[in-house]
Amino acid sequence: MNTLRLAATKAAPVRAGLIRSFHTNRPCFTGKTVEATSATFDELVVKADHPVIVDFYADWCGPCKMLGPLLSKAVEANPKVTLVKINVDDNTDIASQFKVAALPTVSAFHQGEVVDGFVGMRPKPQVEAFVQSLAKRVE
């Protein structure tokens, strides 16, 4: 019988500091919001075995502050997807690698490739539809 075990990690901080893992060394972040850095980006996004939404944001960006909670709630409602947040001021190398020119920029990754995205604030129904369309790629 599978058992649920909790494990703490330093490589990828999570709000509660705990992650779920099912008999693997690889943490399960689906349905969660995770803050990433340049050091953890590949593991959390490129090598992920499930769809990942990346929110490129900055602390000073007003629309980013409005969009962040909408994305988090939409991902929470779709447990097949993970939301990874990247602060572009702290991680300029990742921002330049993905040619982030305006904020907020949201990119959807599946199997390590960018498959969709948008720039700027979107209303709640469009954000939810964006997350749901990415979650359907798993089915």
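**The disulfide**

In this predicted model, the structure contains one disulfide. The bond joins Cys 61 to Cys 64, with a distance of 2.4 Å from S to S. The link between Cys 61 and Cys 64 is right-handed, with 75° about the S-S bond. Are these two cysteines buried or exposed? Cys 61 has 4% relative accessibility and therefore counts as buried. Cys 64 is buried as well, with a relative accessible area of 5%.

**The chain as a whole**

The chain has four helices and seven strands. Along the sequence, these elements follow the pattern β-β-β-α-β-α-β-α-β-β-α. The chain has 139 residues, and buried residues make up 43% of them. About 7,800 Å² of the chain is exposed, and carbon and sulfur atoms supply 54% of that area. Among the contacts in the chain with a separation of 6 or more, 62% are between residues 24 or more positions apart.

**Strand β5 and its partners**

Strand β5 covers residues 82–87 and is mostly covered, since six of its six residues are buried. Which residues of β5 point to each side? Thr 82, Val 84 and Ile 86 point one way, while Leu 83, Lys 85 and Asn 87 point the other way. The residues on both sides of β5 are buried.

Strand β5 pairs with two other strands. Strand β3 (residues 33–35) and β5 pair in the parallel sense over three bridges. Within this pairing, Val 34 has Val 84 in β5 as its bridge partner. Strand β4 (residues 52–57) also runs parallel to β5, and six bridges join them. Here Ile 53 stands opposite Leu 83 of β5.

Lys 85, one of the buried residues of β5, has a further relation to an aromatic ring. Lys 85 lies over the face of Tyr 57, at 4.6 Å from the ring centre.

**The hairpin of β6 and β7**

Strands β6 and β7 pair in the antiparallel sense, over six bridges. In this pairing, Val 106 stands opposite Phe 118 in β7. How many residues lie between the two strands of this hairpin? There are two residues between β6 and β7, and Gln 111 in the turn has a positive phi of about 55°.

**Aromatic pairs**

The count of aromatic pairs comes to five. Two of them are set out in the table.

| Pair | Centre to centre | Angle between planes | Arrangement |
|---|---|---|---|
| Phe 41 and Phe 109 | 6.1 Å | 80° | edge-to-face |
| Phe 118 and Phe 130 | 5.0 Å | 85° | edge-to-face |

The pair of Phe 41 and Phe 109 links distant parts of the chain: Phe 41 is in helix α1 (residues 41–46) and Phe 109 is in strand β6 (residues 105–110), 68 residues apart. Phe 41 is buried, with a relative accessible area of 1%. Phe 109 is also buried, with a relative accessible area of 1%.

Why is the pair of Phe 118 and Phe 130 called edge-to-face? The planes of these rings stand at 85°, and planes over 60 degrees apart count as edge-to-face. This pair also links distant parts of the chain, with Phe 118 in strand β7 (residues 113–119) and Phe 130 in helix α4 (residues 124–135), twelve residues apart. Phe 118 is buried at a relative accessible area of 10%, and Phe 130 is buried at 9%.

Ring pairs also build a cluster, which links Phe 41, Phe 56, Phe 98 and Phe 109.

**Leu 134 in helix α4**

Helix α4 also holds Leu 134. Leu 134 has a relative accessible area of 3% and is therefore buried. Which residues does Leu 134 contact, leaving aside its neighbours within four places in sequence? They are Pro 51, Val 52, Ile 53, Val 81, Ala 108, Phe 109 and Val 115. One of these contacts, Ile 53, is 81 residues from Leu 134 along the chain, and the C-alpha atoms of the two are separated by 8.5 Å. Two of the residues in contact with Leu 134 have appeared above: Ile 53 stands opposite Leu 83 in β5, and Phe 109 forms an aromatic pair with Phe 41.

Terms used:
Residues numbered from 1 in each chain as written. Predicted model: local features only at pLDDT ≥ 70, side-chain atom pairs only at ≥ 80, totals over all residues. Heavy atoms only, no water. Disulfide = S-S within 2.5 Å. Buried < 20%, exposed > 50% of the residue type's maximum accessible area, 1.4 Å probe, protein only. Phe/Tyr/Trp six-rings, centres within 6.5 Å; stacked < 30°, edge-to-face > 60°. Lys NZ or Arg CZ within 6 Å of the ring centre and 35° of its normal. Contact = heavy atoms within 4.5 Å. Areas by Shrake-Rupley, 256 points an atom, 1.4 Å probe, with all protein chains shown as cover. Pairing = 2+ DSSP bridges.
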